[in-house]
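Let's take a friendly walk through a protein model, moving from the overall fold to a few chosen details. Have the viewer open and follow along.

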Amino acid sequence: MSKETERQRWQRNFADLLQELRVAQTGVQILFAFLLTLPFSNGFTRTSGFQKDVYIVALLSAAAATAMIISPVAFHRALFRQGRKPELVRFAHRMASGGLAFMLISMVSAVLLITDFVLDRGVALVLSGITGLWFLTFWVFLPFARRNWGEDDVDDEDDDRASLPGD
């Protein structure tokens, strides 16, 4: 069985990253669209100063997330056919990570805005804190805690392949 070349690995990494960005991009665009229309709804005039401040944080962080998550496309266009895939993958990784961070801020801010509008502020703050921890659990804590998942399995597979006749 042949190993992939370094160029093929960068191509695969970029393709994998683009698939991940498609999921994140859809989510952040829907959130951003919702936030863009919110001030034009009838109930928005009843928001407090605090809620308007939270709205601005949610809106601007959704805009930042959108820009960062879509930026690898523009970067790819600028570097197209220049053989700079490693730079592109590293840049796209940083933009995806930053975009997810801004998306987390926007999601938690949106939850705070809505819960503060319909519930007591203390309850809204607790629910928003729980929401933030929930996102951090699945987006940060678990992925970093499980970074080495399957490494032993991969080594075992390589050993098994090396011992197979005809390979």
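In which helix is the place of Q51? Q51 sits in helix α2, which covers residues 49–79. Keep in mind as you look around that this is a predicted model. Is Q51 buried or exposed? With a relative accessibility of 5%, Q51 counts as buried, because the cut-off for that class is under 20%. If you measure from the C-alpha atom of Q51 to that of A110, you should get 9.7 Å, although 59 residues separate the two along the chain.

Now zoom out to the whole fold. The protein chain contains five helices and zero strands, so the order of elements from the N terminus on reads α-α-α-α-α. The chain has 167 residues, and 30% of them count as buried.

Helix α3 is a good place to stop next, and it spans residues 85–118. Two of its residues make a useful pair: E87 is found in helix α3, and A92 lies in helix α3 too. Their surroundings can be told apart by accessibility. E87 has a relative accessible area of 35% and is partly exposed, whereas A92 is buried at 0%. Each also has a partner elsewhere in the sequence. The C-alpha atom of E87 is 9.9 Å from that of H76, with their positions 11 residues apart along the chain. For A92 the partner is F14: these positions are 78 residues apart along the chain, yet their C-alpha atoms are separated by 8.2 Å.

Next, let's look for open space. The largest pocket holds about 590 Å³. Of the 19 residues that line this pocket, the closest to its centre are H93, A96, S97, L100 and W139. Which elements each supply at least two residues of that lining? They are α1 (6–37), α3 and α4. The largest share, seven residues, comes from α3. As for chemistry, the lining of the largest pocket is made up of 15 nonpolar, two polar and two charged residues.

From the pocket we can turn to the outside. A nonpolar patch on the surface is formed by F34, I114, F117, V118, L119, V123, V126, L127 and I130, and together these residues have about 740 Å² of accessible area. The elements that give two or more residues to the patch are α3 and α4 (121–145). Helix α4 gives the most, with four residues. For a closer look, select F117, which lies in helix α3. Why can F117 belong to a surface patch? Its relative accessibility is 32%, which counts as partly exposed, and membership calls for over 30%.

The last stop is a charged contact. How many salt bridges does a search of the whole structure find? It finds one, in which the side chains of R121 and D116 meet at 2.8 Å, N to O. This contact qualifies because a salt bridge needs the nitrogen and the carboxyl oxygen to be within 4 Å. Its two ends fall into separate accessibility classes: R121 is partly exposed at 35%, while D116 is buried, with a relative accessible area of 6%.

Terms used: Residues numbered from 1 in each chain as written. Predicted model: local features only at pLDDT ≥ 70, side-chain atom pairs only at ≥ 80, totals over all residues. Heavy atoms only, no water. Buried < 20%, exposed > 50% of the residue type's maximum accessible area, 1.4 Å probe, protein only. Patch = residues over 30% accessible without salt bridge, like charges linked within 9 Å, V, L, I, M, F, W, Y side chains within 5 Å. Areas by Shrake-Rupley, 256 points an atom, 1.4 Å probe, with all protein chains shown as cover. 1 Å grid on protein atoms, 1.4 Å probe; cavity = no way out; pocket = protein on both sides within 12 Å on 5 of 7 lines; lining within 4 Å. Points joined across faces, edges and corners; volume = space filled by probe spheres on them. Nonpolar A, V, L, I, M, F, W, Y, C, P; charged D, E, K, R; others polar.
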